[in-house]
Each structure stands twice: as structure tokens, then as C-alpha cells.
Amino acid sequence: MKKLTTIILAAGKGTRMSSSRSKVLHPIANQSMLSHVIDTSQKLKSNKIIVVVNKLFQIPKENLKTNITYVVQKKQLGTADAIKACLKNINKNDNCVLMLYADVPLINISSLKKLINLKSKKEIKILAFKKLEKNNYGKLVIQNNLVKEIIEAKEFKKDTQPVECNSGIFCLNAEALIKFIPKIKNNNSKKEFYLTDVFKLAFNSKYHTKVIFGEEEEFMGINNKTELASAEIAMQDNLREKFLKQGVTLVDPATVYFSKDTKIGKDVTIYPNVFIGPKVIIGNNSVIHPFSNLEDCKIGKAVAIGPNARVRPGCVIGDNAKIGNFVEIKKSKLGKGSKVNHLSYVGDAIIGKNVNIGAGTITCNYDGKNKFITEIGDNAFIGSNSSLVAPVKIGKNAYIGSGSVITKNVAQGALGVERAHQIEIKNWSKRLKRK
Ligand code: UD1
Ligand code: CA
């Protein structure tokens with residue numbers, strides 16, 4: 001049986017990112033590069049996943065998964081040194097050790113599957129791509145279809161370099177790794193221990209150092225903000241393609257942004273200029289109108305959102321509900337068929353079924369120190385321009401007169417109205433003119 005150990009290298013300094021945040025925690029489609037690679041290795045059914053990190057790295061909550069071993073590389077002496085730090089966690093009987101780089105996040109399962117089907121203990125396979133323009137990737141020196149060695153871009157004295165670029169991702173038997181890693185030296189311009197030197201050592205020991213070619217887009221390494229932006233574009237295109245194939249209507253796909261974990265049902269339409277942040281689920285037949293922003297929320301079936309709506313974290317929107325233009329809703333539950341159609345702020349509210357929230361209604365959920373809840377029962381009608389000062393409860397079938405500032409609970413079926421009596425002064429205009 002195949003025993004697969006996956007090592008993810010994530011300890012680098014990431015200086016080219018010019019950021020105080022660890023390089024591998026930068027997001028693509030709202031998920032860190034490291035998480036993308038962890039997800040991929042989990043889908044591959046690795047027996048063991050080892051992530052090599054530096055001593056400053058704090059493991060994000062989302063990555064605290066039980067089947068992941070974190071190993072600290074004390075000093076960043078190069079990629080081979082990072083592997084040395086985790087050799088003690090590698091069992092020599094593992095017939096398949098896969099090297100992944102946390103800064104190569106777009107890698108697909110299908111490419112990795114081609115890599116991990118090693119035929120013998122003496123086989124090593126690497127993923128590569130061809131690129132004619134000058135670049136900083138390591139280059140493969142190929143002889144009789146085998147990789148003779150990999151030379152880092154910086155180590156070339158001449159301007160001409162091979163076009164075969166190293167993705168960094170390769171797979172070999174644990175015994176081979178244990179044998180070659182200690183032999184790697186740092187006699188190069190950067191005084192670093194290059195993991196890529198494994199190939200020279202293996203080739204010279206008559207190993208079958210094979211190469212599988214693919215596309216740069218999938219293998220691209222992210223070292224700076226420009227490359228991060230390119231990866232985001234590529235990932236967004238993939239997500240758009242996935243949702244279009246799934247039957248989602250995107251009126252202008254290039255202007256709709258998704259997160260890696262976005263889930264969308266059948267016959268959903270999304271109009272131009274919509275941003276979907278992390279943890280969003282959209283039910284069947286819903287419509288998201290232009291310029292809407294959704295984050296960490298569950299949208300039911302046949303819901304209409306926007307245009308220009310903001311649905312913030314913690315919202316659950318019931319089937320057939322409507323959230324209209326210039327409405328912000330946060331940490332609230334909106335029952336089936338309820339409507340907040342115009343210019344409202346709804347926060348920390350529990351709203352029943354078939355409720356109508358009039359234009360300009362505000363839930364005043366915050367007193368400057370604490371947040372409070374507004375509860376609104378089924379079929380209630382909140383008149384326009386009302387302020388509901390939480391904590392407050394509006395009963396089922398109750399009405400609120402428009403313009404009210406409601407500070408006390410309103411009973412079922414009652415009318416709550418808080419408004420000064422209107423007075424009328426006759427002939428006001430004539431009085432004004434006399435002055
Ligand atoms: C590396 C490869 C290069 C390849 C390219 C693909 C080496 C020597 N070079 O170059 O051939 O074309 O990736 O993208 O491997 N890391 C550690 N500890 C260290 C140094 C790096 O864990 O001491 C990690 C980084 O976090 C990163 C990965 O290893 O995830 C690659 O390191 P990086 O410095 O980005 O290597 P490249 O110069 O891109
Ligand atoms: Ca890199």
C-alpha cells in the first residue's frame with residue numbers, strides 16, 4: 001500500500017513580500033496560501049502532513065487540524081535545511097514523500113496524482129513548465145529525458161538559461177530523501193542549502209529523475225505582491241468557471257469576486273460588481289443585484305439582495321426574503337418572506353416571518369459600550385424612519401408608526417407610536433411676510 005507523507009515548506013522569510021505578515025498567510029480568494037496547500041494535501045489523502053514553519057509563525061485557528069504536524073526550522077538556511085528539520089518525522093518505509101511549497105498555492109490534485117504514483121524506490125518525479133521570458137525560477141538541465149540537475153536562476157553565469165522551469169514540487173521515496181538531504185552543501189552564491197540539489201545527487205546515483213510538464217498558471221510561485229495579484233486573478237477565473245459550469249448565471253463574470261469556500265445553489269443569478277467574502281452560502285433561485293457585498297452569511301432560496309446591499313457576518317436570510325438598496329444587515333436573522341427594502345441598518349436583530357421593515361429604519365443596537373438585541377415578531381410592520389432602541393421586542397402583528405423612536409416593548413397586535421402631536425398655525429405665510 002502507498003504510504004504518502006506530504007511536507008509543506010512554509011518557513012521562508014518572505015522578504016520580497018515587503019509585509020509584516022508571514023508570506024504564506026497572505027490570502028488568495030480569501031483563504032491563506034498555506035490553507036490552500038493544506039486543503040490540497042488533505043484531498044490527496046496523505047497519511048501524514050508536515051508543515052515546516054519558522055519560529056515566529058503563529059498557527060492560525062483554521063489550520064489547527066489534528067492530522068497536521070508543525071515543525072520549526074530555527075534558521076532560514078534554505079529549502080534543504082527546512083527538510084532537514086523534519087527528517088526525524090519521516091518514516092523510512094514511507095514509499096512516497098511529496099514536497100509542496102506553501103507559496104505555490106494553485107497546484108491541482110490531478111497534477112499531484114501523476115506525481116505520486118512512483119513505480120520504484122529509485123524513481124523521483126518533478127513538476128515543471130516551460131517559460132521563454134527571463135524569470136527567477138530554478139532551471140532543469142535535462143539529459144536523455146531525465147533531470148541531470150536543477151540550477152537556481154541566480155547561479156547562472158551566462159544570460160542564456162534553459163526554458164524548463166522548476167515548480168519546486170516533487171516526489172520521492174523516503175529512503176532517497178534521508179540519504180540525499182545530509183549530502184547537500186551550501187557552496188553557492190546565497191550560501192543556502194538548496195533542496196533542488198537532490199536531483200544532481202540522485203542523477204549521479206543512477207536514479208530515474210523524471211519530469212512531468214504542466215502550465216505555469218497552476219505552478220506559479222508567489223514571492224511578491226505582483227505575483228500575489230496574478231494568482232488572485234487566476235484563482236478568480238477558476239472560481240467563475242466553476243460556478244458557470246455549475247449553472248450559476250453571471251451576467252458579467254469578470255466583475256464578480258468569490259471566495260474559495262463560496263457555496264451557491266441552482267439557478268442563482270449574480271449581476272455585475274458583486275463581492276462575495278468568506279463563508280457565504282446562497283440558496284437556489286436567489287438573485288444578487290449589482291454592487292452588493294456579502295460575507296459569512298447564509299442566504300435562503302429565492303432571496304433578492306441589493307442592489308448596493310451589504311450583508312455582514314452572522315446573517316441568516318430566510319427563503320423569499322428581500323434586502324433592498326442601501327441596506328446594511330449584520331448578525332441578524334430575517335425570517336421567510338420578510339422585507340427590508342430601502343436604506344436601513346439592521347444589526348443584532350431576530351426578525352420573524354413576513355415582516356415589513358420600512359425605509360430608513362434603524363436598529364439602535366449599540367450604546368457605545370454593549371450590543372443589544374431587537375426582536376420583531378411575525379407579520380409585524382415597522383413604519384418608515386423608525387429607530388428601534390435595543391434591547392426591545394416588537395410583538396407579532398404589531399405596528400410601529402413611522403418616525404417613532406421605540407424604547408419600550410410593543411405588545412402583539414398593538415400600534416407603538418412615539419411622535420409629538422402635529423400642530424398647525426393658520427396663515428403662517430402671511431405672518432412671515434408682515435415682518
Ligand atoms: C524555489 C526553488 C526554485 C523554484 C521555485 C518555485 C529552491 C532552492 N529553489 O525558489 O528552484 O523554481 O521555488 O516556486 O528550492 N522555505 C523554507 N525555509 C527556508 C527557505 C524557504 O521553508 O529556509 C520555504 C518558503 O516558505 C517557500 C518555499 O520554501 O514556501 C520556497 O522558498 P523560496 O525562498 O520562495 O524559493 P524560490 O526562490 O522561490
Ligand atoms: Ca518561492
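**Legends to the close-up views**

Buried residues, meaning those under 20% relative accessible area with a 1.4 Å probe and protein chains only, make up 49% of the 435 residues in the protein. The model is predicted, so that local features need pLDDT of at least 70 and side-chain atom pairs count only at pLDDT 80 or more, whereas totals for chains, interfaces and linings use all residues. Residues are numbered from 1 along each chain as its sequence is written, and side-chain values use heavy atoms, with hydrogens and water left out.

**View 1. The calcium ion (ligand 2) and its protein donors D103 and N223.** The ion has D103 (OD) and N223 (OD1) as its protein donors, at 2.2 to 2.4 Å; donors are N, O and S atoms within 2.8 Å of the metal, or 3.2 Å for Na, K and Ca, and because water is not among the atoms, sites may look incomplete. D103 lies in the loop between β6 (96-101) and α3 (109-116), and N223 in the loop between α6 (216-219) and α7 (225-245), so the pair ties together parts that are 120 residues apart in sequence. Helices here are DSSP runs of H or I with at least four residues, and strands are E runs of at least two, numbered from the N terminus.

**View 2. The surroundings of D103, a buried residue.** The relative accessible area of D103 is 14%.

**View 3. The surroundings of N223, a buried residue.** For N223, the relative accessible area is 15%. The protein to which these views belong has eight helices and 38 strands, and its C-alpha atoms fill a box of roughly 105 × 50 × 40 Å, taken along the principal axes.

Key. Chains are lettered from A and ligands numbered from 1 in the order in which they are written. Buried means under 20% relative accessible area, exposed over 50%, partly exposed in between (1.4 Å probe, protein chains only).
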